[in-house]
Amino acid sequence: MTLTIHGASYSTCTRLVALVCKEKQIPFNLSVVDLSKGQHKAPGFVAVQPFGQIPYIVDDDGFVLYESRAIARYLIRKYPNQGTQGLIPTDPKEEALFEQAASIEAFNFNPFASGIAFEKVFKLRRGLPTNEQAVEERLALLRAKLDAYDVILGKQKYLAGDQVTLADLQHLPYGTLLANAGYSDLFSEAKRPNVSRWWNDLSNRPTWQDVLQNLK
């Protein structure tokens, strides 16, 4: 039995789980959940995922887990000796720096990036009007946060040190949406050279390109 991801190829959270699978060389199947038809709110779905959100996984032994960050950590820890090493460090100090970096992403990037993506990507898909004031407010906040990123990344290659971790990878789903929605200047070399170098490194990882091109 192969790991199954119940989600959608365009979902940021589904993409994160798929990315971790690629990084850790874990075979998986994608069981597509059609959000437009409300399949995520169907009784059978919410019986497994009470919030009616994607993704959730069913592991090869039948273990069920939802919340993409929890899934990512579970898979990295389950397969410590295959694929990309060090995505969650085991040395106490290195792990503490990883947790610091993960908190940076969760509280200084994700709320603003996801808010902009909601207005400029997801609302448009549903034919809803964009709140441009909300976009500008979140952009101003995100730019200030990325200025701080540039300071951190001027001292080290990645957010937790000189080795890529899950904390870095978690930026890819929403960061890519923003870049494709016309906000690539957030990662421009002219404004934030260290962020630019870091973003180019991450966004060109073969595993991420594989997810973008082949997750269906």
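## Salt bridges across the chain

A salt bridge is taken here as a side-chain nitrogen of Lys or Arg within 4 Å of a carboxyl oxygen of Asp or Glu. In this predicted model, Arg192 and Asp147 satisfy that criterion, with their closest N and O atoms 2.9 Å apart. The pair links distant parts of the chain, since Arg192 lies in the loop between H8 and helix H9 (193–203) while Asp147 belongs to helix H6 (residues 132–153), and 45 residues separate them. The two partners fall into separate accessibility classes: Arg192 counts as buried because its relative accessibility, 6%, is under 20%, whereas Asp147, with a relative accessible area of 40%, is partly exposed.

The search of the whole structure finds twelve salt bridges. Another of these pairs is Lys22 with Asp210, whose closest N and O atoms are 3.1 Å apart; this contact also joins distant parts of the chain, with Lys22 in helix H1 and Asp210 in helix H10 (residues 206–214), 188 residues apart. Lys22 has a relative accessible area of 29% and is partly exposed, and Asp210, at 24%, is likewise partly exposed. The side chains of Lys191 and Asp185 also meet in a salt bridge, at 3.4 Å from N to O, and Asp185 is partly exposed with a relative accessible area of 23%. In addition, Asp59, Asp60 and Lys78 are linked in a network of salt bridges.

## The β-α-β unit

Strand S1 (residues 3–7) and strand S2 (residues 28–32) run parallel and are joined by five bridges. Within this pairing, Leu3 has Phe28 of S2 as its bridge partner. Together with helix H1 (residues 12–23), the two strands make a right-handed β-α-β unit.

Two residues that flank elements of this unit can be placed more exactly. Thr2 is found in the segment before S1, where its relative accessibility of 32% makes it partly exposed; its C-alpha atom is separated by 43 Å from that of Ala144, which lies 142 residues away along the chain. Gln25 is found in the loop between H1 and S2, and its backbone conformation is taken up again below.

## The two pockets

The largest pocket holds about 890 Å³ of space. Its lining comprises 27 residues, of which Ser11, Thr12, Leu35, Ile54 and Tyr174 lie nearest the centre. Several helices take part in this lining: H1, helix H3 (68–78), helix H5 (110–125) and helix H8 (172–183) each supply at least two residues, and the largest share, five residues, comes from H5. By class, the lining divides into ten nonpolar, eleven polar and six charged residues.

The second largest pocket has a volume of about 180 Å³. Its lining is formed by Lys24, Ile76, Arg77, Pro80, Gln85, Gly86, Leu87, Ile88, Pro89 and Thr90, a set that divides into five nonpolar, three polar and two charged residues.

## Backbone exceptions

Most residues other than glycine have a negative phi, and most peptide bonds are trans. Against that background, a cis peptide bond joins Ile54 and Pro55, with omega about 0°. Pro55 is placed in the loop between helix H2 (43–46) and strand S3 (56–58), while Ile54 is also one of the residues that lie nearest the centre of the largest pocket.

Positive phi values are found at Gln25 and at Glu67, neither of which is a glycine. For Gln25 phi is about 55°, and this residue is exposed, because its relative accessible area of 57% is over 50%. For Glu67 phi is about 80°; Glu67 is found in the loop between strand S4 (64–66) and H3, and at 40% relative accessibility it counts as partly exposed.

Terms used
Residues are numbered from 1 along each chain as its sequence is written. This is a predicted model: local features need pLDDT of at least 70, side-chain atom pairs count only at pLDDT 80 or more; totals for chains, interfaces and linings use all residues. Side-chain values use heavy atoms; hydrogens and water are left out. Two strands pair if DSSP finds at least two bridges between them. Helices (H or I, at least four residues) and strands (E, at least two) are DSSP runs, numbered from the N terminus. A crossover is right-handed if, with the strands pointing away from the viewer, the path from the first strand over the helix to the second runs clockwise. On a 1 Å grid over the protein atoms alone, a cavity is a set of points where a 1.4 Å probe fits but cannot get out, and a pocket is an open set with protein on both sides within 12 Å along at least five of seven lines; lining residues have an atom within 4 Å of a point. Grid points are joined across faces, edges and corners, and a volume is the space filled by probe spheres set on the points. Ala, Val, Leu, Ile, Met, Phe, Trp, Tyr, Cys and Pro count as nonpolar, Asp, Glu, Lys and Arg as charged, and the others, Gly among them, as polar. Buried means under 20% relative accessible area, exposed over 50%, partly exposed in between (1.4 Å probe, protein chains only).
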